[in-house]
Amino acid sequence: MLELRGVSKRYSGMLAVDHVSFVASPGEVTGYLGPNGSGKSTTMKMITGLIERSSGEILFEGVPIERDLSAYKQRFGYVPEEPHLYAHLSGLEYLVMVGQLRNLPGKPTRERIDGLLRLLGLHGDRYTPISAYSKGMRQKVLLAAALLHDPDLLLLDEPFSGLDVGSAMVLRSLIQELAARGKTILFSSHELETVERVSSRVVILHRGKVVADDSIERLRKLMSLPSLEGIFSQLAMEQDTAALTREIADLIRK
Amino acid sequence: MARFRILFREFLFRMVDLELLSSHAQGDSSRLLGQFASLLLFISVLISIPALGVGGGQGELAAALNLAWSIEHFLIATTMLLVGLFAVLRWDSAFPDRRDVLVLAPLPIRWQTLLVAKVAAVAAALCLTVAVFHAVAGLAWPAALNAPPQTLSVPALTTDAARTPVDAAGMESVLASDLAPARAPFAPLAVGTGTGVAVGVSQRGVRRIFTFGPARPDSIFEIASVTKTFTGIALAQLVLQGKVRLDQPIRELLPPGAVRKPKGAEITLLDLATHHSGLPRMPANLHAADDDNPLADYTADDLYAFIAGYGVAKPPDAEFLYSNLGFGLLGQALANRAGAAWPALIKTGITDPLGMSDTTVALSPEQAPRFIQGHDAGHRPVRGWDLDALAGAGALRSTAGDMLTYLEANLHPERLASRELAAAIAESQAPRAVVEGSTRVGLGWGYRSSVAAFTHSGGTGGFGSHVAFSPEHDYAIVVLVNQSPAVPLADMIGEHIRQRLSGEPAVSLAFVTIPASRGILGWARRMFAYWFTMLAAGAFIFGSLLTAQGLAAQLLPRPIFLRASSFLQVAAFCTIVGTYFLQPMAISDEVILAAQRAGRLSWSPSFWFLGLFQQLNGSPALAPLARRAWAGLAVVGCGTALAYGLCYLRTLRQIVEQPEIAPHTLGARWMPQIGKSITAAIIQFSVRTLLRSRLHRMILAFYLGIGFSLTILFLKTPLAQHLSETPAADPWRQVSVPLLASSILLMGFWVMGVRVAFSLPLDLRANWIFQIAAARGGADYLAARRRSLLLLSVIPVWVGLAALFLYLWPLRAAVGHLAILGLVGLALAEISLNGAQKIPFTCAYLPGKSNIHLTFWILIGLVLALVAKGAAYERLALMGDRAMFAMVAGVLLAVWAGARWRAEWLAKSGEGIPRFEEEDPAEVLTLGL
């Protein structure tokens, strides 16, 4: 179980993440939503330890993650928002390197990498440098790297970015399957439809603060709105979408 | 126009790579640009300082001209090096690339605008680099490099075409024709100047004497320093007679008490005869009463007084230093021992037995009218020189006929009646010490092994002389001229005759007239010539690289070009750096001759632009080089235009359609796993990055280029001669200081190059994978860094040098040096590992770090001196001094162990956590949301 207790991140006096608390449980897919700049990726990076938080606590299975950061890092897989990879390595070389960095045993890992590459449709391009990969192929490499060590916690920041329809469908099912196998999954996405289909619970962030943390079903009932999109626009959007649309159309006509 | 301006600014800005900067660099591009400009300005100031000392220098004409040319060439070559390096480092910014096209193609921008903006940005970057580099130098040097205040005639230093070998009998007519340019108006032998030449040639028993101008076959000339060869034979005679020894201290031949016995080594007769005594060229207490006859009143008492004060200790590192004082002292000492005056010694010992009745110090009443009038460089008549105490250095006067007789005796001493004289002559010729390169010196005689000839030249205020003979080719040449050797006429004619005898292309006897340059107009012209030349030289080198890159892009399929491009870049880099360091920097007549001839040096563009500089200054000197500069500019201009034109017509349109990198369908990407999992990951990552990243390869190549250049400096320059204690026919097989020092330097620069490459990040944004990887403590990271460094630097150099030394040297010496070299490499690697733990190629780079590199380059002289000293100790150790070997190895082991202990300690302490930023993040950062 992943638990955030009053986690904040302050940049020169400005709160990017403001006392965020929520729990992501095993077997559950937690959607993490918010408009651009609401603090989603910052929270993800704090959970991975990539950036330090200003205050609050992050616990995994009831233990603060700093207590043994190395052991904690072995337990999670992370797909970052942008597919930044070492482009001079081939997909295979990159995954082998990730396996070594995670101290995984050589031969079984190699077999697992081969399998992942095959299943993700990258096997034919495994020797090609990543610099020649499309955005979707890079996303698949990131996904393979995150799954390589069979993590208990999966942190997915915009995992559907760049994926084609077929791959996106596979990933959707995969997320649900992994949750069913007891993994804790926290994933953020702007595709509300996907979140609605995959997640059992959502945490909605607005200006760094949690404005909603509940199951989609309960939110629908509470807010008397039929879809997650409606809930989201009510909680996290400051402007009237229709009015804004008209304003833009008028502006470019002038 | 607005679009052009925006694109121009963007492209110019892109000439400086910002992607390496740390996100905390704060000053970003302006800071980096500022540092770059400050560095150039600093160099500009540095190279301008000598201009303060050169201004107004009007020394000996030839030397002054050569100095000016050396400075001009240095400035041109350095500009080309700088622009060349800039062009190589900005290789990818010179042509529109995929990014430009993909970003700009959807915008309403015409291809022409894009291309013109790119060309303008490249040209502006070139001009800015040259302008900043010459900001100070470009004002100081045109003012300091004074053009002559009066019209001057100097040798054209070109080469006449080869012709079939001319024999002695046919030489007069050939020379008459070849000398015609030297007799043109303003040339040294022009009618009315009073300058004449007497020539004697002897070849295989055929002898000819002929003259030009006012000289007659029986004209008597001052032979000046050729006299030293007579003193050398006199020395050999006294040695054979057992009256002196070559290794005898000169002190013993001076009046008792004349000079105190020094501690340590003393100057011997051999040191004096081979110019290795360390004595200066002339004595300091020379206060001539008559400047036109400056040595006449320098007596033996003056000589002893000087020596009493100066002493006769031999400096331990005495190298060749031409000394009139030394030969004067030798002549005086021999006369003391023989109990006769020096002129009498020569007369009884050499000139009388050889029948050289016209060779004497004091002329008889019969000879006096035949003594030809001498002239200075400006053709003004000057008085003859009389030498007293320094007679042994240059007092003799002679005719071409007598000198030819003398040379024939030297050529075939075995034919002489006097066995004793024959033996003395042979003894005097044996080469005994190094002058420079392949030139050796005997007892006075110089020996040029490249042409297998003995030579000597001489000059006084009004006379020049040149003698040469070759037992191997059986010829002798004498050239006597009644003009000061400020114009090296005698040497030129002597060399010309030698080349005609052998059928080689001969140095031209043509002269060019450099017009006077005065006043504000003269200054303005020099200023224009300077700046135009520097810009043209920069444009040439930049254009050459653009042409090579552009044409390669057209000729090769794009994916192959993208791969070959980095090799082309490294090749260009090596060529630029190699050419800069390998070409001679001190300009002499020989260098200019070689550059103007169709040889290797004639392909060096910096010499072409030296010619262009003269031409723009209004001087006809070096005109053939100037023609090559114009031709080069034209070719490169066309090449660049063609490259950009084809880029516009073909590449811009194809760039989007073609993949940047061809898919790899085949290939084994196996690499051995060294060490633990995480260690292996970092090692493999380091090796792959260095092999595949063009930027990092360039950084390493830069350091290797410098390392190789310094290696060449040690191995091929006079420094090598200086450091080699025993010059050998095959210096590669000797355990010499230059070879030892070179291999140590190579190891050092390789380690440093890899270390610097490690410190530059590949892609900061991709580092997250290392940051979220699990690792405890710094021991794993330290092991990974250490093994990566050893694998990429120490091991390849060591293995390469091991193969070389085991092949070249005796086993014991090779193994000994390889052990030392291994310890040097290990110690250097360990020192490089000190400091914060950083995974290679991942830590952000702060521009402030370049200060360290600047300090290093300033201290490079000290480093070289230390390495040379260390190599000298190592040589002693390898030559069998076991205590020295133990000491050298012990010191290196201690350094290695100390550095290793510190690195391990740092890894275990708080510094063990890998760092990805040079400085801790500031409070304000990009939000990264």
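Mentor: Let's begin with a term we will need: two strands count as paired if DSSP finds at least two bridges between them. Keep in mind as well that this is a predicted model.

Trainee: Thanks! How many residues lie between β12(B) and β13(B) in their hairpin?

Mentor: Strand β12 covers residues 453–459 of chain B and runs antiparallel to β13(B), with six bridges joining the two. One of the bridge pairs sets B:H456 in β12(B) against B:V467 in β13(B). The two strands form a hairpin, and the number of residues between them is four.

Trainee: β13(B) has another partner, β14(B). Which residue in their hairpin takes a positive phi?

Mentor: Strand β14 spans residues 475–481 of chain B and pairs with β13(B) in the antiparallel sense over seven bridges. Across this pairing, B:F469 stands opposite B:A476. The hairpin has four residues between the strands, and the residue with a positive phi, near 55 degrees, is B:D474.

Trainee: How many of the seven residues of β13(B) are buried?

Mentor: In a regular strand, side chains alternate between the two faces of the sheet. On one side of β13(B), B:G464, B:H466, B:A468 and B:S470 are buried, and on the other B:S465, B:V467 and B:F469 are buried too, so both faces are covered. The strand, residues 464–470 of chain B, is therefore largely enclosed by the rest of the structure, and its buried residues number seven of seven.

Trainee: B:F221 touches that strand, I think. Which residue of β13(B), residues 464–470, does B:F221 contact?

Mentor: B:F221 sits in strand β5 of chain B, residues 221–222. It is buried, because 33 other C-beta atoms lie within 10 Å, and the cut-off for that is 20 or more. Its C-alpha atom is 6.2 Å from that of B:I372, although 151 residues separate them along the chain. Beyond its sequence neighbours within four places, the contacts of B:F221 include B:A198, B:I372, B:R397, B:L480 and, from β13(B), B:S465.

Trainee: Now B:G392. Is it buried or exposed?

Mentor: B:G392 belongs to helix α13 of chain B, residues 391–394. Among the residues it touches are B:T227, B:T231, B:F327 and B:W342, and its C-alpha atom lies 9.2 Å from that of B:L325, 67 residues away in sequence. With 32 C-beta neighbours inside 10 Å, B:G392 counts as buried.

Trainee: How are α8(B) and α12(B) oriented to each other, roughly parallel or roughly perpendicular?

Mentor: Two packed helices are described by the angle between their axes and the distance between the axes. Here the axes of α8 (residues 227–240) and α12 (residues 342–354) of chain B come within 10 Å and cross at roughly 75 degrees. The contact brings B:F230, B:I233, B:A234 and B:Q237 of α8(B) to B:L345, B:I346, B:G349 and B:I350 of α12(B). Since angles from 65 to 115 degrees fall in that class, the two helices are roughly perpendicular.

Trainee: Where do the chains pack helix against helix? How many charged residues are in the contact of α3(A) with α22(B)?

Mentor: Helix α3 (residues 91–101) of chain A and helix α22 (residues 677–692) of chain B pack at about 150 degrees, with axes 7 Å apart. A:E93, A:M97, A:Q100 and A:L101 meet a set from α22(B) that includes B:I678, B:A681, B:F685 and B:R688. These contact residues divide into six nonpolar, three polar and, for the charged ones, two.

Trainee: And in chain A, which are the edge strands of the open four-stranded sheet?

Mentor: The strand order is β2-β1-β4-β5, with antiparallel pairing. Inside the sheet, five bridges join β1 (residues 2–11) to β4 (residues 55–60), with A:L2 partnered by A:F60. The strands that pair on one side only are β2 (14–24) and β5 (63–64) of chain A.

Trainee: Last one: which two residues have the most contacts inside the largest nonpolar core?

Mentor: In soluble globular proteins, nonpolar side chains tend to be buried together. The largest nonpolar core here has 314 residues, and those with the most contacts inside it are A:V141 and B:L235.

Terms used: Residues numbered from 1 in each chain as written. Chains lettered and ligands numbered in written order. Predicted model: local features only at pLDDT ≥ 70, side-chain atom pairs only at ≥ 80, totals over all residues. Buried ≥ 20, exposed ≤ 12 C-beta atoms within 10 Å, placed from the backbone. Contact = placed C-beta atoms within 7 Å. Core = buried A, V, L, I, M, F, W, Y, C linked by C-beta atoms within 7 Å. Axes fitted to C-alpha atoms, helices over the stretch in contact; angles between N-to-C directions. Parallel < 35°, antiparallel > 145°, perpendicular 65-115°, else oblique. Nonpolar A, V, L, I, M, F, W, Y, C, P; charged D, E, K, R; others polar.
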